[in-house]
Amino acid sequence: MTDTIVLPAAGAMTEADIDPTLDLVAEIDRLRKERNAVILAHYYQEGEIQDLADFVGDSLDLSRKAAATDADVIVFCGVRFMGEVAKILSPSKLVVIPDAEAGCSLEESCRAEPFRAFREKHPDHIAVTYINCSAEVKALSDVIVTSSNAEAIIRQLPADRPILFAPDRHLGAYMQKKTGREMTLWPGSCIIHEQFSEKELVKLKVRHPKALVAAHPECPDGILNHADHVGSTRNILDFVLNSPAKEFIIATEQHIIHQMSKAAPEKTFIPAPGADGGCSCSNCPFMARNTLEKIYLCLKNDAPAITVPEELRVAALKPLERMLEMSKSVPMSGEKTNAA
């Protein structure tokens, strides 16, 4: 696996060096302006990070922002593959991430060499690959998709060609049902969406009979079968804000609820439960590695930084550009905070 992370140099500032009285939000804002930096944050980040970001969105929206920004520095508050996408689309920019260890279980489940062998076993198939994967896997793919645009893209593919879908088997199975397309699925899954409990969800629905269930398609069928709405993070957000209902059960990473509560404080949002009946399972441990302190440090140190070898970048760029071209019909989110 290609190492795309450049760690801070020896002697770089560490968390132990940060003055505990420092106003981190004010300092991050100062450095952002001084460095002509843009801070991009995924909906799964902590609320305090979402609130200081220049743009908050899902994977498709963030990819578009990374491709279009005129900033010199991109601070990507999400996970590693998101930073890689930003660097692939904007190679002249410095792209930094707060934590070098912010990975993704889906990315880890689909390594390049096994994926190459998977493709070679199905030479007539179109490789449709979820954006939650490494740059190397993207380079082996025909087109990249997100949960926002997967259906729109799949419906544009030649009807006489079967499809390989990787790495999320649940999203792939959901797309099979939605589009009727023949697919061979890679057996990967998200550790967060896998942990929701159908049994506990049913109990929760009994306690909240008026609540609508909104679920991400990375969830297993047992959860999706009880959903009133299935969609990407942004699509779920749009659904709950536009629905006349006042109570919702949210079956995805629960930090999306921050945006929901800000936009509709009169509504109630309940995280879907895990097997123990609690909601702690819906906190992504990789997303949680990012903190205000680490955002401050990556702006001070210009690291951890993303670097993608040019040959790999060019190969991975092709399916990403195809995604962006085929997604033009999918609207851009308007969700912004502190727009610079």
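I will go through a sheet, a pair of helices and one loop residue in this model, which is a predicted one.

Let me start with the sheet. It is open and has four strands, in the order S11-S10-S12-S13, with parallel pairing. The edges are taken by S11, residues 229-230, and S13, residues 268-271; each has a single partner strand, so one side of each has no neighbour in the sheet. As general background, strands in a sheet pair through backbone hydrogen bonds, parallel or antiparallel. S10, residues 212-215, pairs with S11 in the parallel sense over two bridges. Ala215 has Val230 in S11 as its bridge partner.

A helix goes with this sheet. H10, residues 198-207, lies across S10, S12 and S13, and runs at about 170 degrees to S12, which covers 247-251.

Next, the helix pair. H12 is residues 233-242 and H13 is residues 256-263; their axes come within 10 Å and cross at roughly 30 degrees. Angles under 35 degrees count as roughly parallel, and therefore H12 and H13 are roughly parallel to each other. Their crossing is right-handed. On the H12 side, the contact involves Thr233, Ile236, Leu237, Val240 and Leu241, and these meet Ile256, Gln259, Met260 and Ala263 in H13. Of the residues in that contact, seven are nonpolar, two are polar and none is charged.

Last, Gln45. It sits in the loop between strand S2, 37-42, and helix H2, 47-52. Is Gln45 buried or exposed? Its relative accessibility is 0%, so Gln45 counts as buried. Leaving out residues up to four places away in sequence, Gln45 touches Gln50, Cys77, Gly78, His255, Met287 and Asn290.

Note on methods. Residues numbered from 1 in each chain as written. Predicted model: local features only at pLDDT ≥ 70, side-chain atom pairs only at ≥ 80, totals over all residues. Heavy atoms only, no water. Axes fitted to C-alpha atoms, helices over the stretch in contact; angles between N-to-C directions. Parallel < 35°, antiparallel > 145°, perpendicular 65-115°, else oblique. Left-handed = near helix turned anticlockwise from the far one by under 90°. Contact = heavy atoms within 4.5 Å. Nonpolar A, V, L, I, M, F, W, Y, C, P; charged D, E, K, R; others polar. Buried < 20%, exposed > 50% of the residue type's maximum accessible area, 1.4 Å probe, protein only. Pairing = 2+ DSSP bridges.
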